[in-house]
Every structure is written in structure tokens, then in C-alpha cells.
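Open the model in a viewer with the sequence panel beside it. The tour below moves from one selection to the next and says what each one contains.

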Amino acid sequence: MARIIAVANQKGGVGKTTTAVNLAAALAAAKRKVLLVDLDPQGNATMASGVDKNQAKPNGCEVLLDEAPIERAIVTTAAHYDLLPGNGDLTAAELKLMDALARESRLKEQLAKVAGKYDTILIDCPPSLHLLTLNALTAADGLLIPVQCEYFALEGLSSLLDTVKAVRARLNPGLEIEGLLRTMYDVRNNLGNEVSAQLTQHFGDKVLRSIIPRNVRLAEAPSHGQPIHLYDRSSRGAIAYIGLAGEIIRRERGAQAALAALGEMHDDPTAAHDATIDLHQE
């Protein structure tokens, strides 16, 4: 069953779509079966994947409104990940869903139909905390938050984290913070270094070790309809996203190993008792 990761930050211009597209491509290059869901009405993830958002029919709008099966809307990209395209129709879908029953769970219901085909499902969220983003957070197992290391970075995070708490309480108790990803990072910038240190101080190991640098080739790639590893795989941006994919996979394997160990302890009370003794001794 796929692990579903929402890529979200209500603050625009932080590298959210760049992260969603290039992480999808990097995971696919690592032989993972990946679905990228473009839930942003701007359709930037769709265009950056080499798919014409204006020609994509059916798309995420019809899927959310249950007017078309999700399997028919999904397309395969040149970077070997699948895409559920999005465009301006999603704004209309959001308005039509306002009065619908279980409106926050529409995406979760649709993704459940295809989750068995994938290892990872990434959701590119709009830069807002409205109904489309709530759908993503309700469907997701984890939340990946791209953060640009600038003056207002921490202030912008507070609203998103408040929303996460509300979603956990009402809609999705299992939602976790997958990690905070520092994007457009310039080591020569003193302010960036200070904000990075503050993030680590506040969030500890939730701050991912991977850092996405400012990179001209990374900025150019979307205009060519290509993820960075197809556009320039030797660039610093491509190397950074390969590293991020590796870190995501390692964290996932670590979590699975921990769950397996807990399961063994549950089956073997003696092992659980010994583990408790070891913890006390430490």
C-alpha cells in the first residue's frame, strides 16, 4: 500500500511544486512506483511534468466530483512516474464540493482505489489552507513542508501547524510531519543560516538533512516541461533531489523496521519486558 505524502505550505514561492515534481522523478528513478497528484488549480506540476494542463481531460476536477474514474485520468510521464493532472477546473470543483457530504474525504476515497499500485503518492497542494488542501491532509500519511529560509518562514509555519492539529483532531489522527525541507538555500546568506538554525532548534529531527540549493538549472527545468534529472542530471539541484529521495526512503524503512520491532514485542511479552529494562538502564 502506498505511503501518501502531501507537499504543502500556504506561503507561495517556497519551492513546493518544484519539490513535488522533482521528488516524484527522483523516487521513480530509484525504481519506486510513484503517483503525483496535482491538486493546485495553477496546474504547474502538470506542466512541469510535460503534460499540457489545458488538454488533460479527464483530470483531478472530474475525479474529485466523481464524474470520471481516477484510473482514466492518470497519465504516465516521460520521467516514469504517473500523474493525476490538475488545472483551473479544480477551483470549480472546490466550490461545488462546499456543500457536499464528507467533502474533506473525496481525495482520500479516490486514492484508495489506486493506492495498491504505488509505493508513494505525492500530492502537490495549492498555496492556501482551503478545501483542496484539507482533502490532501485528510488523505495523507505524512506532510512534507518546503521552507525557504527567510525572515517570515517561522511565522508562516504556525498557521499550517495549527491546521495540522485541527485535521488530526477531526479528520486524520494518523497524519505525521514527514519533515521540513529547506529550499532555495544559499550558504553565503547569513539570514538563511540563522533561520536554518532556528528551524533546527524548534523542530529538531523533523528538519530534513537534505537541503535544496538555489540553482539556475532547477529554475529553468519547468519551462521545458521536464524534472531536473531529465533536464540536467549533473546539476546541483538534481543531486539534491536524489539525496532527498534517498532520505525519504531511509526514513520510511526505519519507520517500518520500528513497527515490525513493536509487533514482535507485542507477540513476545518477554522481549517487550527486556526492552523496557534496557531503556531504564540507559
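The stops cover the annotated span, the sheet, the nonpolar cores, a helix pair and some backbone exceptions.

**Annotated span.** Keep in mind throughout that this is a predicted model. Begin by selecting residues 3–177, which an unreviewed UniProt entry annotates as "domain: AAA". The C-alpha atoms at the two ends of this span lie 13 Å apart. Helix makes up 40% of the span and strand 17%.

**The sheet.** Next, show the strands. There are 8 in an open sheet with mixed pairing, and their order is 3-4-2-5-1-6-7-8. Strand 3 (75–76) and strand 8 (207–213) are the edges, each pairing on one side only.

**Strand 2.** Select residues 34–38, which make up strand 2. On one side, strand 2 pairs in the parallel sense with strand 4 (residues 82–84) through 3 bridges. Two positions show the register: L35 stands opposite D82, and V37 has L84 as its bridge partner. Strand 2 also runs parallel to strand 5 (residues 120–124), with 5 bridges joining the two. In that pairing, D38 stands opposite D124.

Now display the side chains of strand 2. Which way do they point? V34, L36 and D38 point one way, while L35 and V37 point the other way. Burial applies to both groups, since 5 of the 5 residues in strand 2 are buried.

**Nonpolar cores.** Stay on V37 and show what surrounds it. Neighbours within four places in sequence set aside, V37 is in contact with L84, L107, L111, I121, L122, I123 and D124. V37 also belongs to the largest nonpolar core, which has 48 residues. Together with L39, L111, I121, I123 and L143, V37 is one of the residues that touch the most other members of that core. A second core, separate from this one, has 34 residues, including A24, A28, Y81 and L181. As background, nonpolar side chains in soluble globular proteins tend to be buried together.

**Helix 8 and helix 9.** Select residues 153–170 for helix 8, which lies across strand 6 (142–148) and strand 7 (176–185). The angle between helix 8 and strand 6 is about 170°. Then add helix 9 (residues 190–203), which packs against helix 8 at about 35° with the axes 11 Å apart. On the helix 8 side, the residues to display are A153, L154, L157 and L161; on the helix 9 side, they are V195, Q198, L199, H202 and F203. By type, the residues of this contact are 7 nonpolar and 2 polar, with no charged residue.

**Backbone exceptions.** The last selections concern backbone geometry. Most residues other than glycine have a negative phi, and most peptide bonds are trans. Go to the bond from K57 to P58: this peptide bond is cis, with omega near -5°. P58 sits in the loop between helix 2 (44–48) and helix 3 (60–64).

Move on to D66, in the loop between helix 3 and helix 4 (70–73). D66 is not a glycine, yet its phi is positive, at about 60°. Is D66 buried or exposed? D66 counts as exposed because its relative accessibility is 53%, and the cut-off for exposed is over 50%.

Finish at A102, in the loop between helix 5 (89–97) and helix 6 (106–111). A102 is another non-glycine residue with a positive phi, here about 50°. Its relative accessibility is 44%, so A102 counts as partly exposed.

Technical notes: Residues are numbered from 1 along each chain as its sequence is written. This is a predicted model: local features need pLDDT of at least 70, side-chain atom pairs count only at pLDDT 80 or more; totals for chains, interfaces and linings use all residues. Side-chain values use heavy atoms; hydrogens and water are left out. UniProt positions are given in the numbering used here, feature names are shortened, and annotations may be inferred rather than shown by experiment. Helices (H or I, at least four residues) and strands (E, at least two) are DSSP runs, numbered from the N terminus. A nonpolar core is a set of buried Ala, Val, Leu, Ile, Met, Phe, Trp, Tyr and Cys residues joined through side-chain atoms within 4.5 Å. Buried means under 20% relative accessible area, exposed over 50%, partly exposed in between (1.4 Å probe, protein chains only). Contact means heavy atoms within 4.5 Å. Two strands pair if DSSP finds at least two bridges between them. Axes are lines fitted to C-alpha atoms, for helices over the stretch in contact, and angles run from 0 to 180 degrees between N-to-C directions. Ala, Val, Leu, Ile, Met, Phe, Trp, Tyr, Cys and Pro count as nonpolar, Asp, Glu, Lys and Arg as charged, and the others, Gly among them, as polar.
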